[in-house]
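Got the viewer open? Let's take a walk through this one, stop by stop.

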Amino acid sequence: PETGRLALYLLGLRATCPPPDPGPQRSLVTWLKYYLEEDWAGSRQHGHPLTSYYQYSLGILALCVHRKRVREEVIRRLLAAEHHGRFGHADGSAVDTEAVAALAFTCLERERLVGSRLAAELRAARRRVRKRMVEAQGSDGFIGNVYSTPWAMQVLIATNKCQTQPAYGQAMAALLGSLDAFTTTATMAQVLPVLHGRSYLDIASMHCREEPDTLTPISPEPLPEMSGTMTVRLVVECPLPWCPQHRLYDQLVPAPVGASLLDVLRAATVQEPHDFTFDTQDTPQGPFLSRVLGLEAQQKKRSYWQLLSAPSTNLQMGVAEYRPRDRETLILRLSEW
């Protein structure tokens, strides 16, 4: 199911004040409702959506922003996941998923798309999520990590807590010092509303007739060229029981200074003895590492390729954004979430 991708598209479409003809939008909304049902078909075997609770939450949020009713059972599936703590990933972080779910809960209540009893349950779940997010704030000010922080801040904005919650000011200070981390369209779309004190819920109440057409294309400045070479140690690990061995690859890989992790992986493929292979998939967040040395990350197995800087620091960027340091050891670890 393309739940998350279609949900993001519908949120973006609503935010850009589309033409009055509702025909195309109505068709897309119908497809999103269908994807939500298909997404949950995986629960019969796995107990979770075929995609993820993050995408499932996005789907409900997008339908709500378009003021479309969602079946109560669809909402209760997400409520049950929150209540039983099923949002976590392998690294223990669940802030982004919890924040999107909390935004969906807030929207459903605000737009009065649910009954009073369910609305009360949604309010209680939102309070629990908000409390956990504040507790997840680190000494660096980030709530979870740099990319989940805008989501958490949107929850504080949408629930009118940004003025009274100290965590919000600390998160904003951390965010303003790390704006260069937001280099893809999807991550920019998460952080821009926060910088203007808005959340995705404000899309539902936009007055499109008053929206001036002031968008103009810009050409991004090219990155400064850097000369020289560096060496990165590339390690591939698979600690899962069904893997043939724990460490599958361990080699030094030369690459140009300033190269991305994706460039390093490409350099490894042409290096003797030509035994390194990998594949990526295009996503709204940029290239997603899907296969390494023939081992595929599969949603049905809840597995993914975790990116680490040795010994155990999670990279907070994708393969196309992260730029390794000279002599850094990078670990690609097949993990479960």
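One term before we start: helices here are DSSP runs of H or I with at least four residues, numbered from the N terminus. Keep in mind that this is a predicted model.

**Stop 1: a nonpolar patch**

Select L176, L179, M188, L192 and L195, and show the surface. Together they form a nonpolar patch with about 410 Å² of accessible area. Which helix gives the largest share of the patch? That would be α10, with 3 residues. Click on L192, which lies in helix α10. L192 counts as partly exposed, at 46% relative accessibility.

**Stop 2: helix α9**

Now color residues 166-176, which make up helix α9. Its buried residues are A167, Y168, A171, M172, A174 and L175. Those buried residues cover an arc of only 165° around the axis, so they sit on the same side of α9. What do they pack against? Show α7, α8 (149-158) and α10 (185-195), and you have the partners of that buried side. Then rotate to the face of α9 turned away from the buried side, where you'll find the exposed residues P166 and A173.

**Stop 3: the disulfide**

Next, select C64 and C107 and show them as sticks. How many disulfides does a search of the whole structure find? The count is 1, and C64 and C107 are the cysteines it joins, with an S to S distance of 2.1 Å. The link is left-handed, with -100° about the S-S bond. C64 lies in helix α4 and C107 in helix α6, so the pair ties together parts that are 43 residues apart in sequence. As a reminder, a disulfide is a covalent bond between the sulfur atoms of two cysteines. Are these two cysteines buried or exposed? Both C64 and C107 are buried.

**Stop 4: salt bridges**

Time for the charged side chains. The model has 21 salt bridges, and we'll visit a few.

Begin with E37 and R71, whose closest N and O atoms are 2.9 Å apart. E37 is in helix α2 (residues 23-40), while R71 is in the loop between α4 (53-65) and α5 (72-83), so this salt bridge ties together parts 34 residues apart in sequence. Both ends are partly exposed: E37 has a relative accessible area of 30%, and R71 comes in at 42%.

Move on to E111 and R67, another salt bridge, with the closest N and O atoms 3.1 Å apart. Here E111 belongs to the loop between α6 (95-110) and α7 (116-135) and R67 to the loop between α4 and α5, so the pair ties together parts that are 44 residues apart in sequence. R67 is partly exposed, with a relative accessible area of 46%.

Then pick E109 and R126, a salt bridge with its closest N and O atoms 2.9 Å apart. This one links helix α6, home of E109, to helix α7, home of R126, across 17 residues. Is R126 buried or exposed? At 13% relative accessibility, R126 counts as buried.

**Last stop: a network**

Finish by selecting R233, E237, R247, D250 and R333 as a group. Salt bridges that share partners join these residues into one network.

Note on methods: Residues numbered from 1 in each chain as written. Predicted model: local features only at pLDDT ≥ 70, side-chain atom pairs only at ≥ 80, totals over all residues. Heavy atoms only, no water. Salt bridge = Lys/Arg side-chain N within 4 Å of Asp/Glu carboxyl O. Helix = DSSP H or I, 4+ residues; strand = E, 2+ residues; numbered from the N terminus. Buried < 20%, exposed > 50% of the residue type's maximum accessible area, 1.4 Å probe, protein only. Arc of directions from axis to C-beta. Contact = heavy atoms within 4.5 Å. Disulfide = S-S within 2.5 Å. Patch = residues over 30% accessible without salt bridge, like charges linked within 9 Å, V, L, I, M, F, W, Y side chains within 5 Å. Areas by Shrake-Rupley, 256 points an atom, 1.4 Å probe, with all protein chains shown as cover.
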